[in-house]
Amino acid sequence: MEEVDLVVVGAGFNGLIMVKTYLDVNPNANIVVFESASSVGGTWAQERMYPGLRTNNLYGSLEYSDFPMDEKTFGVKAGDFIPGPVVHKYLRSYAERFNIHRRIRFGTWVQTVERSSGAGWLITYAQSNPATRTSCADHTGVRHTSNEILTRKLVISTGLTSEPFVPHIPGSDDFQAPLFHARYLLDNFADTSSSPANKNIVIYGSAKSAYDAAYAYASQGISVDWVIRKSGHGPVWMAPIYVTPLKKRLDQLIGVRFLTWLSPCIWGTYDGFGSLRRYLHNTPVGRWIVDRFWDILAGDVTALNGLDKHPETKKLIPWVSAFWTASSLSILNYPENIYEYVKNGTIKVHVADIDHLSEAKVHLSTGETLKADALVCASGWKHRPSMKFIPEGTDRSLGLPHTTSEKRDLNPLIQKADDYILKNYPRLQDQPVINKYYMAPTSSTATDGQLGGSSNPYDLDQPFRLYRFMVPPAYINDRSIGYTGMMQSLHTCICAQAQALWLTAYFGGDLPRKNLSPSSRSTQPDSSLINGEIKSTSSPASFDEASVTWQTILHSQFGRWRYPAGHGNRYPDVAFDAIPYVDMLLRDLGLQWKRKWKQGGWGRWWRELFWPYVPADYVGLVDEWKVAKGD
């Protein structure tokens, strides 16, 4: 049997930087990367590049700090949104430049993961034939004979947008027209967009991917009926790139340290400004300031988009304040104004549920019937790794979302965490009513053993429970398994770099480092446990498991209260919280987290507080770590 030092599953932004960082610290390591696609990139793989795909990021904000996306090589200029094909080219160049590409086994699906009877993890995997892969949620394709590999360390970097979720729609078998998830828009776009004058496409969903699909077809002159579930969460917030009266870039505003204070954040005190944060969120005057900021942001977005000025665009006004959403606060990154297609009737918006399908028709709960040459489901993701963990029931100990059938099975720390969160962030006690008619969609797939009997992510009542959003508490002192990218943020590369370095140090036994993180006894139900300062009770390199469990529950439970209109109840879904999260990881490592202060000069305080953090601020992290640990 093949044996290696490290297996990384996934060759997207998170997987590639994990390999690069681990090799920087362990140059002789034997590493294998499994990637189900035929190219690097994950979300930005070649086979997912549908027409017009762009990132929400502008030039300079989606790149690794050690590999700038220069204009000459990639053709993107300051102020430009980065096209999807450019992101793919960038990641392919990165993998080739740092000798990662040769370690990747493309078209390879991890089937099962099992704890080895000795040390490490036993993985079974198979290769699929890309030519026979189907364009639907069941993308298993034709598989060859399974193989096995034993790895000492395992990192799962598949992210949250690998497994499409397709809802059950009565009459699907009778539809007799293309019905596919937005994940497969590229595979189906050429066929479904031919003869545009005679076509009508139905889009089902309200997320950014629904906007993308609607724009892709409408910009080709194809009529679109866009169905937003009346029983769902409603349209997402879509902002112009320049917002607030100061006309600042939204993707940069969320990285300004001063503005991060205006968002309640349970790990926010790791930025070193805990007193200011407590004033803003624990006093009436402070909360008034916070509320005014969010009112200005939401009001400016609504006014700039002009959604309230036309009866059709009014249907796209979000149903809940932007304060309660996170990464689903997205950016209008299209060459033309998508709302003009709504106003002129190319895109017709329907707020209704789909009652059933018949041959080439979509029947709505309003009684209306829509002609449909195709139905595109922009219906979200399963938000879990696709492989099966055995034995069955291992999900809970591995920190994965699962179903708790009995209330007595819940960890009693959950209630303590809820009480602590609401006491320290009173604003979160006043939770919004998202939709009084809300109903979770049912799944098109009946059962899935690894999901506790259901393939529907809406059936899972427990979120990811990972320490620092990376390590299952049950395995904290085992140092053999971790996850990267199991969070959503516009700061993709900054978070990915910090996570990769943290996991590398953790695997090497260099964490925890004592007395490096802020102490605050009030964050613990047991005052003997110090927040962020892991007390080594057995050996200098051991984590205190009770403290790790508490912090894991506290941080994961926070999302439920902070982002009920996003995905906070399922996984870390962050916006203004990303920079403080990176601060926390760097403090764990004993590195300087105030990166702009570190640059020195008379204006360093101004830069630290009011200039946006970008990937370039984190240049040299690995070298700093080597110095800090004495290499």
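## Note on backbone outliers, a small sheet and a pocket

1. Arg 479 sits in the loop between α11 and β22. The model is predicted, and this applies to every point below. Phi of Arg 479 is near 55°. That is a positive value in a residue other than glycine. Most residues other than glycine have a negative phi. Is Arg 479 buried or exposed? Arg 479 is buried, because its relative accessible area of 9% falls under the 20% cut-off.

2. Phe 469 lies in the loop between α11 and β22 (481-483). Its phi is positive, about 65°, although Phe 469 is not a glycine. Phe 469 is buried, with a relative accessible area of 5%. Check the backbone of Phe 469 in the viewer alongside that of Arg 479; each has a positive phi.

3. Next, the peptide bonds. Most peptide bonds are trans. Ile 390 and Pro 391 are joined by a cis peptide bond, with omega about 5°. Pro 391 belongs to the loop between β21 (388-390) and α11. The bond from Leu 511 to Pro 512 is also cis. Its omega is near 5°. Where does Pro 512 lie? Pro 512 is in the loop between α12 (492-507) and α13.

4. Now the sheet. Three strands form an open sheet, in the order β17-β18-β19. The pairing is antiparallel. The edge strands are β17 (354-358) and β19 (369-371). Each has a single partner strand, so one side of each is left without a neighbour in the sheet. From one strand to the next, the twist averages 25°. Strands of a sheet pair through backbone hydrogen bonds.

5. How many bridges join β17 to β18? There are four bridges, and the strands run antiparallel. His 356 stands opposite His 363 in β18. The hairpin of β17 and β18 has two residues between the strands. Ala 360 takes a positive phi there, near 55°.

6. On the other side of the pairing scheme, β18 (residues 361-364) and β19 are antiparallel over three bridges. Which residue of β19 is the bridge partner of Val 362? The partner is Leu 370. In a regular strand the side chains alternate between the two faces of the sheet.

7. The second largest pocket holds about 610 Å³ of space. Its lining counts 30 residues. Nearest the centre lie Asp 461, Gln 557, Arg 560, Asn 569 and Arg 570. Two or more lining residues come from each of α11 (413-424) and α13 (545-562). Which element gives the most to this lining? It is α13, with four residues.

8. The class make-up of that lining is mixed: 14 nonpolar, 10 polar and six charged residues. Asp 461, Arg 560 and Arg 570 are among the residues nearest the pocket centre. So are Gln 557 and Asn 569.

9. Last, the cysteines. How many disulfides does the structure hold? It holds zero. Cys 265 is buried, with a relative accessible area of 2%. Cys 377 is buried too, at 0%. Both values lie under 20%, the cut-off for buried, and therefore both residues carry that label.

Terms used: Residues numbered from 1 in each chain as written. Predicted model: local features only at pLDDT ≥ 70, side-chain atom pairs only at ≥ 80, totals over all residues. Heavy atoms only, no water. Disulfide = S-S within 2.5 Å. Buried < 20%, exposed > 50% of the residue type's maximum accessible area, 1.4 Å probe, protein only. 1 Å grid on protein atoms, 1.4 Å probe; cavity = no way out; pocket = protein on both sides within 12 Å on 5 of 7 lines; lining within 4 Å. Points joined across faces, edges and corners; volume = space filled by probe spheres on them. Nonpolar A, V, L, I, M, F, W, Y, C, P; charged D, E, K, R; others polar. Pairing = 2+ DSSP bridges. Axes fitted to C-alpha atoms, helices over the stretch in contact; angles between N-to-C directions.
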